Amino acid sequence: PLRPTRQPLRKMDFGDLLLSLVSLIASGAMIFGGVVPYIPQYRSIQASRSSEGFSTFVCFILLVANILRILFWFVRPFELPLLAQSILMIAAQLVMLHLCLQMREVTKRHRFRDLDAAGFWNWCSFSDYVEFLAMFLAFTSMLTYLLHDNDFYCEFLGFVSLLTEAALGMPQWIKNNQNKSTAGMSVTMVLCWLSGDIFKTTYFLAKAAPMQFSTCGALQICVDLAILWQVRAYSEAGHLPHSKK
C-alpha cells in the first residue's frame with residue numbers, strides 16, 4: 001500500500017512573525033488600555049481627597065455596558081481580548097466607585113432599597129451598588145438565557161451594550177456643563193479616552209468586529225471631542241481646571 005506523503009511544515013517567515021507580534025501587542029493594548037485613562041483620575045481624587053469633579057455615572061455606564069457586552073459574547077461570540085477587556089473594566093470601575101464613595105461628602109443618606117428615583121446611583125454605601133448590579137446581572141442573564149435563540153434580541157442586546165458605552169462621556173459632559181467648569185476632572189483621562197477610542201475603533205475595523213463595535217467607537221470619539229472643547233471654552237472663560245494630572 002502506498003504510504004501517505006508527509007507535507008513539510010511551513011516555516012514562519014519574518015513577515016508572519018512580525019504580523020503575529022503586532023497582533024499580540026494590539027490585543028494586549030485592547031485588554032489593558034481601557035482602564036489606563038482612569039489611573040490619572042484615581043490619583044487626582046486621592047490627591048485632592050474629593051471626588052466632586054468626577055461623575056460616578058461614568059462608572060454606572062461602564063458597569064452596565066460591560067455586563068451587557070459579556071452577555072452578548074455568550075450569544076454572539078467575538079474577539080477574546082474584547083471579552084477580557086470587559087471583565088477587567090468591571091473590576092476597575094468597582095475600584096473607582098469605591099474610592100469616590102470614600103471621598104464624597106454625604107449630604108443625604110440614600111439607600112438602594114428605598115427605591116427612591118431621586119437618589120438613584122447616589123447611594124451612601126458601596127453595598128447598595130453591589131446589590132443593584134447583582135440584581136441587574138441576574139435579570140439580564142435570565143432574559144438572555146430565555147431569548148438566546150431570538151436573533152432580534154441578540155442583535156438588540158449588542159446595540160444596547162455598545163450604545164450605552166458610547167454615552168460614556170455624557171455624564172461628565174453634563175456635569176461640566178452644570179458646573180460651567182472642568183475643575184476636578186482629569187484632562188489626561190479625557191485625552192486617554194480619545195486616543196483609546198481612536199485605537200479601538202481602528203482595531204474593530206481591522207478585526208471585522210460586529211458593526212455595533214465600530215459604531216460605538218465613532219460615537220465615543222465625538223463625545224470625547226465635545227468634552228475637550230469644554231476644557232478650552234471654560235479655560236478661556238476663566239474657569240481653569242484644578243487638576244490636569
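**Helix packing and the nonpolar core**

Setting aside residues up to four places away in sequence, W121 touches T56, F57, C59, F60, L63, L97, Y129, F132 and L133. The model described here is predicted, and W121 offers a convenient way into its interior. W121 is listed with Y38, F54, W193 and F213 as the residues with the most contacts inside the largest nonpolar core, a set of 56 residues. Several helices feed this core: α1 (14-33), α2 (38-48), α3 (57-75), α4, α5, α6 (151-166), α8 (187-206) and α9 (211-236) each contribute at least two residues. Helix α3 provides the largest share, with 13 residues.

The wider architecture is easily summarised. The protein contains nine helices and zero strands, so that its pattern, read along the sequence, is α-α-α-α-α-α-α-α-α. Of the 245 residues in the protein, 42% are buried. Contacts often span long stretches of the chain: among those between residues at least 6 apart in sequence, 75% join residues at least 24 apart. The accessible surface amounts to about 14,100 Å², and carbon and sulfur atoms account for 67% of this area.

The pairing of α4 with α5 deserves a closer look. Two packed helices can be described by the angle between their axes together with the distance separating those axes. For helix α4 (residues 80-103) and helix α5 (residues 126-146), the angle is about 145 degrees and the axes lie 10 Å apart. The crossing of α4 past α5 is right-handed. On the α4 side, the contact is made by L94, L97, H98 and L101, which meet F126, Y129 and L133 of α5. By class, the residues of this contact comprise six nonpolar, one polar and no charged. Three of these names will be familiar from the surroundings of W121, since L97, Y129 and L133 are among the residues that W121 touches.

A polar side chain in helix α9 rounds out the picture. Which residues are in contact with Q220, leaving aside its neighbours within four places in sequence? Q220, placed in helix α9, is in contact with E165, A166, L168, D197 and K200. Q220 has a relative accessible area of 2% and is therefore classed as buried, the limit being under 20%. Among its partners, E165 and A166 fall within α6 (151-166), while D197 and K200 fall within α8 (187-206).

Note on methods. Residues numbered from 1 in each chain as written. Predicted model: local features only at pLDDT ≥ 70, side-chain atom pairs only at ≥ 80, totals over all residues. Heavy atoms only, no water. Axes fitted to C-alpha atoms, helices over the stretch in contact; angles between N-to-C directions. Helix = DSSP H or I, 4+ residues; strand = E, 2+ residues; numbered from the N terminus. Left-handed = near helix turned anticlockwise from the far one by under 90°. Contact = heavy atoms within 4.5 Å. Nonpolar A, V, L, I, M, F, W, Y, C, P; charged D, E, K, R; others polar. Core = buried A, V, L, I, M, F, W, Y, C linked by side-chain atoms within 4.5 Å. Buried < 20%, exposed > 50% of the residue type's maximum accessible area, 1.4 Å probe, protein only. Areas by Shrake-Rupley, 256 points an atom, 1.4 Å probe, with all protein chains shown as cover.
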